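Student: I'm new to this one. Could you walk me through it, a bit at a time?

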Amino acid sequence: MESLGVYVSIPFCKSKCTYCNFASGVFPLASMDRYIDRLEEDLRSIRSRAAGWKATVPEIVDTIYLGGGTPSLLSPQQMQRLFAAIRREFVVLPGAEITVECAPGQVEDATLASMVECGVNRISFGVQSFVDAEAKHTGRLHTCEVALRDVERVRDAGIPHINLDLIAGLPGQTPDSWRRSLEMLVGANVDHASVYMLEVDDDSRLGREMGSGGLKYYAPHVPSDDAIAEMYLAACSFLEQHGLNQYEISNFARAGAESRHNLKYWTRAPYLGLGLDAHSMLRSEGGAAVRFATGDELQPFLDTPGGGEARTLSSQEEMEEAWFLGLRLNRGVDLAAMRAEFGAAATGEFESVLVDLECDSLIAWIGDRVSLTERGRLMSNEVFARFLLEPAVS
Ligand code: SF4
């Protein structure tokens, strides 16, 4: 059986970023202890719940990822409780990749020390911009100096792998200021970078302001879609020149430093999501994908342990996923592997989609492999939508 990846959502933030509409918020500190209680309960009951859904839960865990929200806001005791609970239910391999997302300026010394004790070997910092005014405009609380200092603190603590997140398209960003952020990132000498094109949720504060033509949150200064695309492409070539090779639409790494946890999502390996608005994909005895998710409201989540409904995917849905998740990776989709897993239908059913995408210069073939072109990466959501076939008539 394949090893499992464990994702834990920690939805607590010190302030709400203007563009964000994740299931995260500035909740009372007291709810953090109750939240850890709830995670412990869900870990204890996962095997019996999975059995009810006819899904199997691998015992061996080789990646753990605490995302958010801001997991670095957990106290040392909460961090220890959470990892102890995971280790009670699973065998965590000694070489497991264990990542914690942190907000720069929001990592106490004691919490950092407890992360090291818990085996954390990778930190992902949500920097978004090294230009102080840009970070401030979106509600971020750190400066460039604080972010760089935290990278050093993490290194000094003995944590070897560091990812820095940047966002292209923040209000007021220009090609020059974007270049400065990229230079700072490369200068920090980290082994991983994630670059996202700004997607403003309509229900975020910034999204509502943009929708109504308002002036708050620097809404009029959000760069155009074309300017954002240019920044993204500039990042791809700049990072590549500096040894951070693109392996997924938004992810870049030095050789061997690709995120093993995130690769599970794109290769459809099993993962268990715990906490608010967390998604899981396990396998049934017969090998079918079983997906389930938790709700995205904190109070109902705390009040109803073990919630969530599971769904077993049809073979057609699995093929669709295999295509659009596989195409996220620069190495693309291997047709021989697809046929080995799904038979001739894996390519046959999607032939016209593939022909159209190639005509539109959105995908390209190299031998038996197909991957997104540069244009395809820029328009990836449109590409992926085309793989959603009409449900098969039975
Ligand atoms: S830190 Fe992350 S999760 Fe929290 S408000 Fe900002 S973008 Fe959203």
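Tutor: Sure, and let's settle a word before we start: a cavity is a set of grid points where a 1.4 Å probe fits but cannot get out, and its lining residues have an atom within 4 Å of a point. Keep in mind as well that this is a predicted model.

Student: How many cavities of 30 Å³ or more are there?
Tutor: We're looking for places where the probe fits but cannot get out. With 30 Å³ as the lower limit, the count is one.

Student: What is the volume of the largest cavity?
Tutor: The volume here is the space filled by probe spheres set on the points. For the largest cavity that gives about 50 Å³.

Student: And which elements give two or more residues to the lining of the largest cavity?
Tutor: Let's start with the residues: Asp42, Ile46, Arg49, Leu272, Gly273, Leu274, Gly275, Phe292 and Thr294 line the largest cavity. By class, that lining has four nonpolar, three polar and two charged residues. The elements you're after are helix H1 (30-52) and strand S10 (271-274).

Student: On to helices. Are H6 and H8 roughly parallel or roughly antiparallel?
Tutor: Two packed helices are described by the angle between their axes and the distance between the axes. Helix H6 (residues 175-187) packs on helix H8 (residues 225-241) at about 30°, and their axes are 11 Å apart. Angles under 35 degrees count as roughly parallel. So the word for H6 and H8 is roughly parallel.

Student: What classes of residue make up the contact of H6 with H8?
Tutor: From H6 come Trp178, Arg179, Leu182, Glu183, Leu185 and Val186, and they meet Met231, Tyr232, Ala234, Ala235, Phe238 and Leu239 in H8. Sorted by class, the contact of H6 with H8 has no polar residues, two charged and ten nonpolar.

Student: How about H2 and H3: is their crossing left-handed or right-handed?
Tutor: The axes of helix H2 (residues 76-89) and helix H3 (residues 109-117) come within 8 Å and cross at roughly 20°. That angle makes H2 roughly parallel to H3. Pro76, Met79 and Gln80 in H2 meet residues of H3, among them Ala110 and Thr111. As for the hand, the crossing of H2 and H3 is right-handed.

Student: Are H11 and H12 roughly parallel or roughly antiparallel?
Tutor: Helix H11 (residues 315-326) and helix H12 (residues 335-342) have axes 11 Å apart, at an angle of about 165°. Angles over 145 degrees count as roughly antiparallel. So H11 and H12 are roughly antiparallel.

Student: Which residues of H12 meet H11?
Tutor: H11 passes H12 in a right-handed crossing. On the H11 side of the contact are Ser315, Glu318, Met319, Ala322 and Trp323, and the H12 residues they meet are Leu335, Met338 and Phe342.

Student: Now the backbone. Which two residues does a cis peptide bond join?
Tutor: Most peptide bonds are trans. Here, one with omega of about 5° is cis. One of its residues, Gly69, sits in the loop between strand S3 (60-68) and H2. The pair joined by the cis bond is Gly68 and Gly69.

Student: Last one: where is Lys54?
Tutor: Most residues other than glycine have a negative phi. Lys54 has a positive value, near 60°. Its place is the loop between H1 and strand S2 (55-56).

How values were computed:
Residues are numbered from 1 along each chain as its sequence is written. This is a predicted model: local features need pLDDT of at least 70, side-chain atom pairs count only at pLDDT 80 or more; totals for chains, interfaces and linings use all residues. Side-chain values use heavy atoms; hydrogens and water are left out. On a 1 Å grid over the protein atoms alone, a cavity is a set of points where a 1.4 Å probe fits but cannot get out, and a pocket is an open set with protein on both sides within 12 Å along at least five of seven lines; lining residues have an atom within 4 Å of a point. Helices (H or I, at least four residues) and strands (E, at least two) are DSSP runs, numbered from the N terminus. Ala, Val, Leu, Ile, Met, Phe, Trp, Tyr, Cys and Pro count as nonpolar, Asp, Glu, Lys and Arg as charged, and the others, Gly among them, as polar. Axes are lines fitted to C-alpha atoms, for helices over the stretch in contact, and angles run from 0 to 180 degrees between N-to-C directions. Angles under 35 degrees count as roughly parallel, over 145 as roughly antiparallel, 65 to 115 as roughly perpendicular and the rest as oblique. Contact means heavy atoms within 4.5 Å. A crossing is left-handed if the near helix is turned anticlockwise from the far one by less than a right angle, and right-handed if clockwise.
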